[in-house]
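User: I am new to this structure and would like a close look at a single part, the place where the two domains meet. Please go through that part step by step.

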Amino acid sequence: MTKKAIITGITGQDGSFLAELLINKGYEVHGIVRRVAIEDPNQRYWRIKNNLNKINIHAGTMENYSSIFKIINKIKPDEFYHLAAQSFVSDSFNDEYSTLSSNINSTHYCLSAIKELDLKKTKFYFAGSSEMFGKVHESPQNESTPFHPRSIYGISKVAGFDLTRYYREAYGMHASSGILFNHESERRGYEFVTRKISYSAAMIKLGLQKNLELGNIDAKRDWGYAPEYVNAMWLMLQDKKADDYVVGTGKAYSVRDFANIAFKILNMDYKKYLKIKKHLYRPSEVETLISDPSKIKKKFGWKTKVSFDKLVERMVINDYDALKKRV
Ligand code: GDD
């Protein structure tokens, strides 16, 4: 029997890679998408445009329980990947209420609908985040490290993580959370620092932009390659037992390191172009995140293959080649 999967956030970086992975594995793939996205496919579907004929799109709003309930009831999926969220940490400082309510309620609605429909076979994945560790209590961070979120986004993810565990423990649902550290790719949104740097480096090289404006360049993150992380999500749902897993590379680099390598690839020195801007600093910063992915490695043999240098190179070359074609 063909397996069915629903992905929320299918138009995003992770959703698009996950859709490809599941299509290649023979799944019937369904995506829940806002009506505005359906009305504006050129703008919103660029990451999934090559697979649109293989994806079943459903118009739905994550803020609306009945809309989610109806779609889940219609599909009765084997696997449910809940990736949709307001995922830009910076924005969550300006837009506290909608980040908190939509991130928490959407997770609650999905879990509750699966429970109310008594879909015993449905396995649920929640996209947790290393932002939950925030002001870290230990380094590296593993599944037992206490959470100390430093943003409304982080708080919303801790609540989603707790909801997922609660439904697992209270109702025996197969509900797992991946605690994913930063993961990037050529499909990363332009508001995140890695894409901002790779794109700016390419623009500057081609004479289309003068400077690179950044905030805290000493922040350190554990950056991996996104397609490998969606495979980790899938692996979690293949196990008999639901559980929570830290997913990362185990190595941390600073924003400065990223900029240095990115500009070097195009034979430039980032220091010549860098402008530090106060408004790009966050009111409370997460200074350093570094994962201890030994649990997922031991359980599934999962580990990252694309190195930090290679990741930066892929992103920079992709932006440079695409821009060069356009000018
Ligand atoms: N976005 C951005 N823009 N970040 C900047 C800038 C800038 O101009 N200058 C410095 N930074 C620093 C931020 O302060 C932060 O410390 C770091 O760069 C990374 O920022 P982002 O790329 O925006 O990612 P993030 O770490 O806040 O969050 C991402 O990773 C999480 C997992 O840890 C997002 O993908 C989240 O959705 C995800 O959960």
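Analyst: This is a predicted model, and the part in question is the interface of domain 1 and domain 2. Between these two domains, five residue pairs are in polar contact, counting pairs in which both residues have pLDDT 80 or more. On the side of domain 1 that touches domain 2, helix H5 (residues 89-94) gives the largest share, three residues. The residues on that side divide into eight nonpolar, seven polar and four charged.

The domains themselves come from the domain assignment of the protein. Domain 1 is made of 4-183 and 226-247, while domain 2 is made of 189-221, 252-290 and 306-326. To the contact, domain 1 brings 19 residues and domain 2 brings 14 residues. The distance from the C-alpha centre of domain 1 to that of domain 2 is 27 Å.

Next comes the area. Domain 1 and domain 2 bury about 1400 Å² between them, and carbon and sulfur atoms account for 55% of it. Three residues stand out on the side of domain 1: Phe88, Phe93 and Arg150 supply 33% of the area that this domain buries against domain 2, more than any other three residues.

Charged pairs can be followed in the same way. One salt bridge is found across the interface of domain 1 and domain 2. In the model, Arg221 forms a salt bridge with Glu131, and their closest N and O atoms are 3.8 Å apart. For the whole model, the count comes to 18 salt bridges. Another of the salt bridges joins Asp78 to Lys121, with the closest N and O atoms 3.7 Å apart. This pair links distant parts of the chain, 43 residues apart: Asp78 sits in the loop between helix H4 (65-75) and strand S4 (79-82), and Lys121 sits in the loop between helix H6 (96-116) and strand S5 (123-129).

The ligand completes the picture. It is surrounded by 24 residues, of which the closest are Ser129, Ser130, Tyr153, Arg282 and Glu285. Ser129 has a polar side-chain atom 2.6 Å from an oxygen atom of the ligand. For Asn182, a polar side-chain atom likewise lies 2.6 Å from an oxygen atom of the ligand. Val193 approaches through its backbone instead, with an N or O atom 2.9 Å from an oxygen atom of the ligand.

Definitions and conventions. Residues are numbered from 1 along each chain as its sequence is written. This is a predicted model: local features need pLDDT of at least 70, side-chain atom pairs count only at pLDDT 80 or more; totals for chains, interfaces and linings use all residues. Side-chain values use heavy atoms; hydrogens and water are left out. Domain bounds come from an automatic or database domain assignment. Contact means heavy atoms within 4.5 Å. Buried area is the accessible area (1.4 Å probe) that two parts lose on being put together, summed over both. A salt bridge is a side-chain nitrogen of Lys or Arg within 4 Å of a carboxyl oxygen of Asp or Glu. A polar contact is a pair of N or O atoms within 3.5 Å; within protein, one must be able to donate a hydrogen and the other to accept it, and residues adjacent in sequence count only if both atoms are side-chain atoms. Helices (H or I, at least four residues) and strands (E, at least two) are DSSP runs, numbered from the N terminus. Ala, Val, Leu, Ile, Met, Phe, Trp, Tyr, Cys and Pro count as nonpolar, Asp, Glu, Lys and Arg as charged, and the others, Gly among them, as polar. A residue is near a molecule or strand if one of its heavy atoms lies within 4 Å of it.
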